Amino acid sequence: KIFQAIVSCVGGDGTIYIIPKSSDVALSKLMIEIQNTFKGLGLLIPYCWKKGEACVVRGSDTVWYRGKIVEVCSSTLQVQYIDHGYIESIPQCHLYPTTLYTGIPPFCIPCELYKTLPIGNFWQQDAVSCLQELLTNEEVEIHVEKLPDNPWGKLSISLYFGGISLSSFMAQQKYCIAEDCQDVQKLGLLAGDTCVSPSYTLPPLPVPGDPFPVRVTHLVSPKEVYICLDPSENLTKQSATEGAASSDSESLDEALKWCNKIVESLPLLTKFEKELPCLAEYVDGLWYRAKLLSVIQLVPVQVLVQFVDYGTYLVAPTNRLRHIPYCLLKYPAQAVRVLLAGFKPASDDTNMKRIPYSPEWSLNALWAMVDCVEGKHLSASILTLSPEITISLYGDDKNLVHLKLIEMGLAELDE
């Protein structure tokens, strides 16, 4: 069985407590019922608590939860929140004994990683800290591998975050040995370690002539731009291509979120082959998918990279380039380079400031095109797919965007 779940907590012994997403509604309903039943403080009169006894506990957020006494101490009690897994020392005045709700099974499930042996036969403190920082309150994918021998035992699972196997990741960090070597090989944490250089695939494009919503993510010149399909906008009926693009985009965002959490554990890039996929750190401090274009300086090494989901470029030092997990390569590059049809540079444009790498265009024309496309609801239709992808690009008003440049004398019609 495969399902999505939230990791509610990771215990001190490395037990992973999960709440299936399918239980969200039932758990919320139970929590509302508990709040309506128990109000105010806990039991203020002396009471002889017993290990294993059911109770409700008032958490630090003043919300009541179902609990179970794990250990009785002199002034406090060790209590486990049975629907979330974590254990806390609680003063007796914040507890109330009850037999209500004992017929409802706990919503959280204790789990252990399948065929995964911690170094030293138990999870060391640094490994537990890594698990807690990585997983707590995050949504993950659970593959049930083996049921426990008794109902209160741990479920043996394979856990995936952003397409990465947790067992493979922890083994790569030397916290454990993953007995299922096939899983490690099949997943392959790092691109660039093999003889065959991996590469990004191109995104599927709509049928030529059909209008589709787009965003312009980068402008090279007024005529050469990078676009992304924008499935959040719907012109008529969403095509299968746009639906797939939407799903890919959401999954990619989730995978990148996870990779940013574990990025310090990914090795720095040491090979600098052209077109090699990698992760690169942008100026906002986040890491994105990129590919190498060229080494532009040797001392110190500076590398020109392009962010494949946006089209933008960056010159980066080697400490801002890391190996990319293979799971990020299954998603097509989101940005597509296209040429805009129907116009060319104005022959009488006398502006002296030109685009250095495309001197036929003035900088004024570039900034005018930026104004035409930035933050706008755009649509496009493909005219040709080869030798270059050529499109007609339409603005908010359904008019061709380049008409504004022609009005301003910065471009002219190209028949």
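**Exercise 1. State in which loop Pro 300 lies, and describe the peptide bond that precedes Pro 300.**

Solution. Pro 300 is placed in the loop between β17 (287-297) and β18 (302-307); strands (E, at least two residues) and helices (H or I, at least four) are DSSP runs numbered from the N terminus. The bond that joins Val 299 to Pro 300 is cis, and its omega is near -15°.

The structure is a predicted model, in which local features need pLDDT of at least 70 and side-chain atom pairs count only at pLDDT 80 or more, whereas totals for chains, interfaces and linings use all residues. Residues are numbered from 1 along each chain as its sequence is written, and side-chain values rest on heavy atoms, with hydrogens and water left out.

A further cis bond runs from Ser 386 to Pro 387, with omega near 0°. Pro 387 belongs to the loop between β25 (378-384) and β26.

**Exercise 2. Determine whether the protein chain is spread out or a compact globule.**

Solution. Begin with the secondary structure: the protein chain contains seven helices and 27 strands. Its radius of gyration is 28 Å, well over the 22 Å that the globule rule gives for 415 residues, so the chain is more spread out than a compact globule. The radius is taken over C-alpha atoms, and the rule is 2.2 Å times the number of residues to the power 0.38. The C-alpha trace spans about 95 × 50 × 35 Å along its principal axes.

Next, consider burial and contacts. Of the 415 residues, 47% count as buried, where buried means under 20% relative accessible area, exposed over 50% and partly exposed in between (1.4 Å probe, protein chains only). Among contacts with a separation of 6 or more, 61% join residues 24 or more positions apart; a contact requires heavy atoms within 4.5 Å.

Finally, turn to the surface and the charges. The accessible surface is about 21,400 Å², and carbon and sulfur atoms contribute 56% of this area; the Shrake-Rupley method with a 1.4 Å probe was used, and for residues only the protein chains shown count as cover. The chain carries 33 positive and 47 negative side chains, and the centres of these two sets are 4 Å apart. Lys and Arg count as positive and Asp and Glu as negative, without His and the chain ends, and each charge is placed at NZ of Lys, CZ of Arg, CG of Asp or CD of Glu.

**Exercise 3. Identify the spans annotated "domain: Tudor" and give the secondary structure of each.**

Solution. The unreviewed UniProt entry assigns this annotation to residues 48-105 and 271-331. UniProt positions follow the numbering used here, feature names are shortened, and annotations may be inferred rather than shown by experiment. Residues 48-105 are 0% helix and 48% strand, with end C-alpha atoms 25 Å apart. For residues 271-331 the values are 0% helix and 48% strand, and the end C-alpha atoms are separated by 23 Å.

**Exercise 4. Compare the settings of Thr 390 and Glu 112.**

Solution. Thr 390 is part of strand β26 (residues 390-394). With a relative accessibility of 16%, Thr 390 counts as buried. Beyond its neighbours within four places in sequence, Thr 390 contacts Leu 339, Ala 341, Ser 381, Ile 382, Leu 383 and Thr 384.

Glu 112 belongs to strand β8 (residues 109-113). Its relative accessible area of 36% makes Glu 112 partly exposed. Apart from residues up to four places away in sequence, Glu 112 touches Lys 154, Leu 155, Ser 156 and Ile 157. Val 305 is 193 residues from Glu 112 along the chain, and their C-alpha atoms are 40 Å apart.

**Exercise 5. For Tyr 101 and Asn 121, give the sign of phi and decide whether each residue is buried or exposed.**

Solution. Tyr 101 is not a glycine, yet its phi is positive, at about 70°. Tyr 101 sits in the loop between β7 (95-97) and β8 and is buried, at 11% relative accessible area.

Asn 121, also not a glycine, has a positive phi of about 75°. Its loop lies between β9 (116-118) and α2 (125-135). At 63% relative accessible area, Asn 121 is exposed.

**Exercise 6. List the buried residues of helix α6 and describe the glycine that follows the helix.**

Solution. In α6 (residues 363-373) the buried residues are Ala 365, Leu 366, Ala 368, Met 369, Val 370, Cys 372 and Val 373. Gly 375 follows α6 and has a positive phi, near 70°.
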